[in-house]
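Please open the model in your viewer and keep the selection tool at hand. The tour below goes from one place to the next and says what to select at each stop.

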Amino acid sequence: MTPIVRAAHVTKRYGDHLALDDVSLDVERGEVVCVIGPSGAGKSTFLRCINRLETIDSGTIELDGELIGYRRMGDVLRPLPQRLLAAQRRKLGMVFQGFNLFPHLTVLENVLEAPLRVIGTPRAVAVAAAERLLQHVGLADKSASYPADLSGGQQQRVAIARALAMQPEVMLFDEPTSALDPELVGEVLAVMRQLAEGGTTMVVVTHEIAFAREAADRVVFMADGQIVEVGPAEAVLAHPTHPRTIAFLEAVL
Amino acid sequence: MTTVHGEPGRVPAVPVVSTGRLGLARVLSPAIVIVVAAALLVAAISNENFQWDVVARYFLSGGILTGLLTTLALTAVSMLIGTALGGVLAIMRLSRHPVTNAAANAYIWFFRGVPLLVQLVFVYNISALYPQLDLNDWLTPNVVAVLAFSLHEAAYMAEIIRSGILSVPKGQHEAASALGMSPWTITRRIVLPQAMRVILPPTANQVISMLKSTSLVSVIAVPDLLYSAQLIYSRSFQTIPLLMVATIWYLIVVSVLSVLQNRIERRVGRGFTRSPQRVSKTSGRGGAA
Ligand SMILES: Nc1ncnc2c1ncn2[C@@H]1O[C@H](COP(=O)(O)OP(=O)(O)OP(=O)(O)O)[C@@H](O)[C@H]1O
Ligand SMILES: [Mg+2]
């Protein structure tokens, strides 16, 4: 079976700076991959390239065998029109470090917006699904609140529910707990752990090594725009082989 | 020391009572305001030159009311067209295309730089520029007025709309894109509603200032509120009372608009400020920590 996400030789530059340097990674269906590494390693950039919030300079990223954000024309890849790109992005859910909830909409409306406007799900069906999701993340009683009235942990859980409402094939998390007060990290990780156990395919950029050890099938260590080491969570975290991984883990643990 | 609850160190605090100059001002200023206002009112009522009976006679007269309607219509239509055109200019200003961008900049530079009265007179005489086009047939004073005000207003609305759109954080765009929303859906459902919070208050100011600016049309003989009053006093020489009629009407309309402005601001602010209940809860938690 083809991997659900296949990144091959991806390169991304910001001016002279090589943010991604020949990055290749396959993610299998149902797999949880945690990406760790020092600041500036290119972790966010890689995640953002996967749903083409960033364009890439060379290489290919495929979702379920289909190029994302580009189409092949002869030997070159041309950017896909916005409309087609939007259709592809439905298959990828994204959770941001800063939550990015829609402040003018209530919690329920935040979760409903995309199913209603993008898929055209009948309202009653969408509401039922949204309420189920909010229940799932433990926020059934907050559906009428506005994001500004929630704690960071609650906001992030709404953001997870909002992404799940599109029934994505892969969930991308970019440091979902980094902006949270320490006492609120646990509630968000608990929701993510549940998702992982439920078989959701996840790519998680995180500094929570304990979470990676527990929930990840594989761990990717990135530094200087490259994937330095990748392997089963236990192997990379407990017995790293590359000196940079060893140094990084020593510093954070 | 013990308190009612018997908790050591928990001393009840008395709220600070303001004293000194500011405290004095707080007591004095209402009194001063009331006295001065009363004096002015008495002076105005007792001054026979105001001719309040004439004011009353004309206040609801047909000529004045028609003038008022013209003023309101002129404001509404010019504002609508100006906002639509301003929206287009704002999008041009936000475009990365240098030519589009420069064109919008030039427009805004011109229409903000030239006084409104000059623009009005200029459009009024535009047929002199192109006599062969025979513009006079449809360039009636009303059309001239709407044209001049809309073109002028568009330059201001462009900047207001642009800053509104720019006020929406990039993350909102990204979150909406990541959910698979099309650019149009993102604009309509995510960006504009949030931009409105920044756009509406200055727009309400624009409406109010447009309402007052429409009085300039008296120079091209459009019978708005002011010009209707002028028409009457040019015959009857009751200048002051008729100016009072116009003044009071302008104040009434502006007051109504201000009330509407407040309502709108409160409505679009929903979700951007914490609701009061929540604020007290968090401050309570902060105090305990
Ligand atoms: N929009 C941008 N313009 C220019 N340079 C950028 C941009 N975004 C990222 N970079 C650079 O690319 C490199 C990788 O950034 P990235 O945000 O992917 O790192 P990261 O691994 O996510 O780090 P962190 O842990 O701090 O989030 C950094 O050196 C960063 O300065
Ligand atoms: Mg990052």
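## A tour of pockets, a cavity and two loops

The second largest pocket, where this tour of a predicted model begins, has a volume of about 290 Å³. To find its centre, select A:His104, A:Leu105, B:Arg189, B:Pro193 and B:Arg270, which lie nearest to that centre among the 16 residues of the lining. Next, colour helix 3 (107-119) of chain A together with helix 8 and helix 10 (239-268) of chain B, since these are the elements that give two or more residues to the lining of this second largest pocket. Helix 3 of chain A provides the largest share of that lining, with 5 residues. If you colour by class, the lining of the second largest pocket divides into 8 charged, 7 nonpolar and 1 polar residues.

Now move to the largest pocket, whose volume is about 1,200 Å³. Select B:Arg96, B:Ile165, B:His173, B:Thr187 and B:Val191, which are the closest to the centre of this pocket out of the 36 residues that line it. The elements giving two or more residues to the lining of the largest pocket are helix 2 (82-89) of chain A and, from chain B, helix 3 (62-94), helix 6 (141-166), helix 7 and helix 8 (183-213). Helix 8 of chain B, with 10 residues, makes up the largest share of the lining of the largest pocket. By class, that lining holds 21 nonpolar, 10 polar and 5 charged residues.

The next stop is an enclosed space. The structure holds 1 cavity of 30 Å³ or more, and the largest cavity has a volume of about 40 Å³. Select A:Met94, A:Phe96, A:Ala159, A:Arg162, A:Ala163, B:Ala175, B:Ala178 and B:Leu179 to see the residues that line the largest cavity. Two elements, helix 5 (152-164) of chain A and helix 7 (170-178) of chain B, give two or more residues to this lining, and helix 5 of chain A gives the most, with 3 residues. By class, the lining of the largest cavity has 7 nonpolar residues, no polar ones and 1 charged residue.

From helix 5 of chain A, follow the chain into the loop that leads to strand 9 (170-174), where you can select A:Gln167. Phi of A:Gln167 is near 45°, a positive value in a residue other than glycine. Is A:Gln167 buried or exposed? A:Gln167 counts as exposed because its relative accessibility is 71%.

Finally, select A:Asp224, in the loop between strand 11 (218-223) and strand 12 (226-232) of chain A. Phi of A:Asp224 is also positive in a residue other than glycine, near 50°, and A:Asp224 is exposed, with a relative accessible area of 53%.

Definitions and conventions: Residues numbered from 1 in each chain as written. Chains lettered and ligands numbered in written order. Predicted model: local features only at pLDDT ≥ 70, side-chain atom pairs only at ≥ 80, totals over all residues. Heavy atoms only, no water. 1 Å grid on protein atoms, 1.4 Å probe; cavity = no way out; pocket = protein on both sides within 12 Å on 5 of 7 lines; lining within 4 Å. Points joined across faces, edges and corners; volume = space filled by probe spheres on them. Helix = DSSP H or I, 4+ residues; strand = E, 2+ residues; numbered from the N terminus. Nonpolar A, V, L, I, M, F, W, Y, C, P; charged D, E, K, R; others polar. Buried < 20%, exposed > 50% of the residue type's maximum accessible area, 1.4 Å probe, protein only.
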